[in-house]
Amino acid sequence: MHVTAERLGEIVKTRVENVVRIPGGFSKETFLFEAVHADGSRESLVLRRDLPAGPAQTTVVDEFRVLRALHRAGIPAPEPTSLEADPAVLGQPFLILRRVEGSADAGGKPREVGLELARLLARLHSLDPEKLDAGFPAIPRNAAECADLLLDHWHAIWLRKRLEPAPVIVRAFGWLRAHRPEAVSRISVVHTDVGMHNLLVHDGKIRALLDWEFARVGDPADDLGYARPHVERLVAWDEFLAEYYAHGGPVYLEENARWYELWRSVRNAVACTAGLAGFVSGENLQVNQALVGIGLYRQLCAEIIERIGREP
Amino acid sequence: MRPTQSELLRGIVHTLNTVIMPDLRSPWPQMVTLMTSRLLEHLIARDEGLPAVLHARIPALRALLAEIDPALPALADPTRAGDADASLDALVREDDALHAALEGLLVGAAGRDAAALARIDALLGEEARAEAPLYERLVKA
């Protein structure tokens, strides 16, 4: 079902203009639009819509609850204004967010942005997941459960969606199970995709951390390890960690971060497979699913086997 | 048959890149057209490069499987599609069957044998390097 100004106008019950689908992101469709109210004021909004047979195997229905809880907790997640879970309305479930001004650019203040990111992650990793009302499906109790929840969930997706033999993925799941982290410094809410590409910065200040679809409760080393190469382009890692610790962040376990780095490649390879399965079945014929399902998947498999070969 | 599949695809890619793309104004159609062009270039690379990749890797895969478990049923396949005159379909079928057998080894005893795992890792790494040119246009997109 096409997303048009007329259709969106019926949904938000006011005139809608300047509907633009934005590129980027493979697991949801994202549209920017402006709602024009009766008094002439304009409101910039964002619509995120599930894809049929989407690669991430997540839904905006869950994402809405996470965003609402985090926004209420003072984390700079975009504010969700409405959720429509009924696919009859616009073809797939969707949510609407308030648009946040900014860009994925430190704007000449890299150190300030890097240190603000340290404070943001310290705050996120200090939230009590039990009190958040974010609807997280499971709260692990230790390092092994953090890993097992992920491995069980994504292995099941892979078994359902796989299209052809993939010994690299079998090898990777075996390696990850055999080398699960033994300790976790704190069980935290984690975003799992923290980098400049998901930050909106305005005047040297972080206005929003975007794209919470993979957020869950787990090991903060997952976030820190992934963020590290992005952080090191902004500020020295030691200075970042000092700021993170000063604001209550738990101890960074580098060995765990390495496990999660491999894990993330495996998860993304499985997500590519799931997206390609949707393309092959005809449920989702958007060519971006074929592009990542073939190209990015092969690249990830090459990285995975190379990384396993390097591990002791 | 002429034009060959690759010759025809090159013409379509050229049209997309030089006629359609420059006239597109919004970012999403631009990106979709670029991705479509890259997928067509991948089909050309696959058409021209996949048979050689499979001819090279099937014997190596057979040799490794035989070394780890000579009694594997997949090795007894009498069609031996890795032969030089095998069709692409037969090569793909054999490649899939051998990789499925390798998966079986990984979840079995070989998955707990460090020496076997090191040989499997080396082979899978070599396979990835050898097939990378088939996918490079997609990765660059």
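Nine bridges join strand 2 of chain A to strand 3 (residues 42-50) of chain A, and the two strands run antiparallel. Strands pair when DSSP finds at least two bridges between them; strands (E, at least two residues) and helices (H or I, at least four) are DSSP runs, numbered from the N terminus. This is a predicted model, in which local features need pLDDT of at least 70 and side-chain atom pairs count only at pLDDT 80 or more, while totals for chains, interfaces and linings use all residues. Residues are numbered from 1 along each chain as its sequence is written, and chains are lettered from A and ligands numbered from 1 in the order in which they are written.

**Strands 1 to 3 of chain A**

Between strand 2 and strand 3 of chain A there are five residues, and the two strands form a hairpin. A:Gly40, in the turn of this hairpin, has a positive phi of about 90 degrees. Across the pair, A:Thr30 stands opposite A:Arg48 in strand 3.

Strand 2 (residues 28-36) is also joined to strand 1 (residues 15-21) of chain A, by five bridges and again antiparallel. A:Arg15 has A:Val36 of strand 2 as its bridge partner. Strands 1 and 2 of chain A form a hairpin with six residues between them, and A:Gly24 in that turn has a positive phi of about 95 degrees. In a regular strand, side chains alternate between the two faces of the sheet.

**Chain A as a whole**

Chain A has ten helices and nine strands. Its radius of gyration is 20 Å, close to the 20 Å that the globule rule gives for 312 residues, so chain A is as compact as a globular protein of that length. The radius is taken over C-alpha atoms, and the rule is 2.2 Å times the number of residues to the power 0.38. Along the principal axes, the C-alpha atoms of chain A fill a box of roughly 65 × 50 × 35 Å.

Of the 312 residues in chain A, 44% are buried. A residue is buried if 20 or more other C-beta atoms lie within 10 Å of its own, exposed if 12 or fewer, and partly exposed in between, with C-beta atoms placed from the backbone. Among contacts in chain A between residues at least 6 apart in sequence, 70% join residues at least 24 apart. A contact here means that the C-beta atoms of two residues, placed from the backbone, lie within 7 Å.

**Two domains**

Chain A is assigned domain 1 (5-98) and domain 2 (110-310), with bounds that come from an automatic or database domain assignment. Their centres, taken over C-alpha atoms, are separated by 24 Å. In the contact between them, 23 residues of domain 1 meet 30 residues of domain 2. Helix 2 (residues 60-72) of chain A gives the largest share of the domain 1 side, seven residues. By class, that side has 15 nonpolar, four polar and four charged residues. Ala, Val, Leu, Ile, Met, Phe, Trp, Tyr, Cys and Pro count as nonpolar, Asp, Glu, Lys and Arg as charged, and the others, Gly among them, as polar.

**Helix 4 of chain A**

Helix 4 (residues 110-124) of chain A has 15 residues and reaches 21 Å from its first C-alpha to its last, close to the 21 Å expected at 1.5 Å a residue. The expected span is 1.5 Å times one less than the number of residues. Its buried residues include A:Val113, A:Leu117 and A:Leu124. The buried residues of helix 4 pack against several elements of chain A, among them strand 7 (199-202), helix 7 (220-231) and helix 8 (237-246).

**Three single residues**

A:Asn256 is in contact with A:Pro181, A:Val184, A:Asp219 and A:Ala221, leaving aside neighbours within four places in sequence. A:His247 touches A:Arg119, A:Ala122 and A:Arg123, not counting residues up to four places away in sequence. The table gives C-alpha to C-alpha distances for three pairs.

| Residue | Place | C-beta neighbours within 10 Å | Distance |
|---|---|---|---|
| A:Asn256 | helix 9 (residues 254-281) of chain A | 25, buried | 6.0 Å to A:Ala221 |
| A:His247 | loop between helix 8 and helix 9 of chain A | 16, partly exposed | 21 Å to A:Val201 |
| B:Ala66 | helix 2 of chain B | 12, exposed | 50 Å to B:Pro29 |

**Chain B against chain A**

The contact between the chains takes 29 residues from chain B and 25 residues from chain A. Helix 4 of chain B gives the largest share of the chain B side, ten residues. By class, the chain B side has 18 nonpolar, six polar and five charged residues.
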